[in-house]
Each structure stands twice: as C-alpha cells, then as structure tokens.
Amino acid sequence: MIKFNYKDVAKEQGWSFNSINPLVEYPIDYFYYKEVANAIKPTTIMLDIGCGSGEKAVRYFSNAKKVIMLDNEPEMLKRVVQNVEKILTPKEQEKFETKLANCDAKLDFKDEYFDLVVSRHCGGNMNEIYRVLKKGGIYISEDVDHEDCLELKELFGRGQGYKNLKSQKLEKQKIINVCVDLKFTNIELKNFHYIEYYPNKEQLKYLLTRTPILEYYDENTDDVILEKYIEQNTTDKGIKLVRRLYAFHLVK
Ligand SMILES: C[S@@+](CC[C@H](N)C(=O)[O-])C[C@H]1O[C@@H](n2cnc3c(N)ncnc32)[C@H](O)[C@@H]1O
C-alpha cells in the first residue's frame, strides 16, 4: 500500500512531475504562473505559501525584489535551495529565502510586509494573509476542487475531497465571506478545468501514487480499478483525466 505523504515525495522527486508528459488541453485562457508573473514588479516583496520544490515557480518569480518560499516540509525547502542554485543566476539567487513554517498558524512576518502573497494547491490562513499584505497588496491562489478527477474518484469510491463534494460550493462561499469581512477591496473567484491525456498506464499510475488525488494506492486492489478506468477513458489522444481547479485573485 502506498500512502501519500509530502515527505516521501519530496525526497524522491520534489513536487516536480517532469518525468511524466501528458498532453494538456486548456479550454480557457488561465495560467496561474502567468497571473503571478503579471503581478510582479521589480519592487515586489512576495511570499509563496506551500511552495513545494519550486522548479517552475522560481523561474516565474525571479523578477521580484525579494521572494520568501514557505513550506512545512524541510525536504521540499532543501529542493527549493537546489533549484534556485540550478536554475537562477547568482544575482537572482540572492532574492530568494526559504522559511520552514505551518501556513495554518500565525505567520512570523510583520504586518503589511508583502506586496504579493501566492499559494498554489496549499491554501492558507486568510486572516494572516490579509495581515501580512500591504494595502493594495495582491493575493493569488490556485486550489484543487473536490471534483478534480471526479470520474476517477467515482470509480475508486474515494479521493481527495470526495466525501465533501456537496459542500465545495459552501466552502468557497465561506472563503469569500471571510474575505468580505476582512475588507479585501477586490475579490475574484474563477472556476476552471483542463484536460490531461496520459500516454500509458505507467504515467497515470505515477501521478496517482505521488499525489493526494486518491489519498493512497493499494496495488492489491487498485490496479484492477485503474485498468477499468483506462478502458472507459481511453481516447485517440490518450487516457483522459479531467482536472478541476479554482483560483482566487484578491486585492487588499
Ligand atoms: C500540492 S503541493 C504544491 C506545491 C507548489 N505550491 C506547487 O504548486 O508546485 C503542496 C505543498 O504544500 C506544503 N504544505 C502542506 N501543508 C502545509 C502547511 N500547513 N504549511 C505549509 N506548507 C504546507 C506541502 O509540503 C507541499 O510542498
């Protein structure tokens, strides 16, 4: 039985999925890293909450003045340091710092310190995010919807957020209510999806054994269910997997 946890994945590969190469179709013009890159100016001091190993992020953030990469998994932060050194120039490297912390707790930063706070697939404590943002500061997040990979979760009868499918709308509304109460001046929520097509079973299984999508993978029973999924979802382009996400763009 492979039980998902960030420590093992961080040790093995970080949060990089470069070894699999599904074909990706984006039906809408939304790309998180582009949104973030557009919000970065040469004066920007920014925080990435639940930064993972940062392979993609550090490239997109390198125009900022200062970047703090925060995660509660030391192995992820070790990877961030390696990636910063591998990918960026010495001058760009100087802008990056790592911080080991739990983003659900009080953040160890002064009030109104950041111009930009970002979080991709990690969430965060909205009260703290509001507190550490400057007036006019921006928060950009992308999160995984409970309905992400729904067709797969239905077949397995489990998965991340699967038990709470009905409450997803309410959960998003609760976040909006908190943001309204905090007095964010601009609150935008975008729901979107994209489609991945996997070239073979091995690549899809690689994803499912290294992410929380199914929460765990039991090879004694799950290989059979995966075969069934593949049978039902194989197309000319590959094995189809529908990814459903949502993104917030807030201004303090
Ligand atoms: C799904 S990964 C996303 C990584 C990265 N943001 C990306 O999109 O590539 C979630 C990351 O959040 C971190 N994380 C989970 N819970 C956290 C918490 N309470 N505080 C800080 N980091 C957390 C994990 O260690 C992991 O690196």
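How many residues surround the ligand, and which are the closest? In this predicted model, where local features need pLDDT of at least 70, side-chain atom pairs count only at pLDDT 80 or more, and totals for chains, interfaces and linings use all residues, numbering runs from 1 along each chain as its sequence is written. The ligand is surrounded by 15 residues, with Gly50, Gly52, Asn72, Glu73 and Arg120 the closest; a residue is near a molecule if its C-beta atom, placed from the backbone, lies within 6 Å of it. This shell divides into six nonpolar, five polar and four charged residues, where Ala, Val, Leu, Ile, Met, Phe, Trp, Tyr, Cys and Pro count as nonpolar, Asp, Glu, Lys and Arg as charged, and the others, Gly among them, as polar.

Turning to the chain as a whole, its C-alpha trace spans about 50 × 40 × 30 Å along the principal axes. Of its 252 residues, 34% are buried, that is, they have 20 or more other C-beta atoms within 10 Å of their own, while exposed residues have 12 or fewer and partly exposed ones fall in between, with C-beta atoms placed from the backbone.

Helix 10 (residues 219–233) offers a nice illustration; helices are DSSP runs of H or I with at least four residues, numbered from the N terminus. Its buried residues are Asp222, Leu226 and Tyr229. They cover an arc of only 60° around the axis, so they sit on the same side of helix 10, the arc being that of the directions from the helix axis to the C-beta atoms. The face turned away from this buried side carries the exposed residues Asn220, Thr221, Val224, Glu227, Lys228 and Glu231.

Technical notes:
Helices (H or I, at least four residues) and strands (E, at least two) are DSSP runs, numbered from the N terminus. The expected span of a helix is 1.5 Å times one less than its number of residues.
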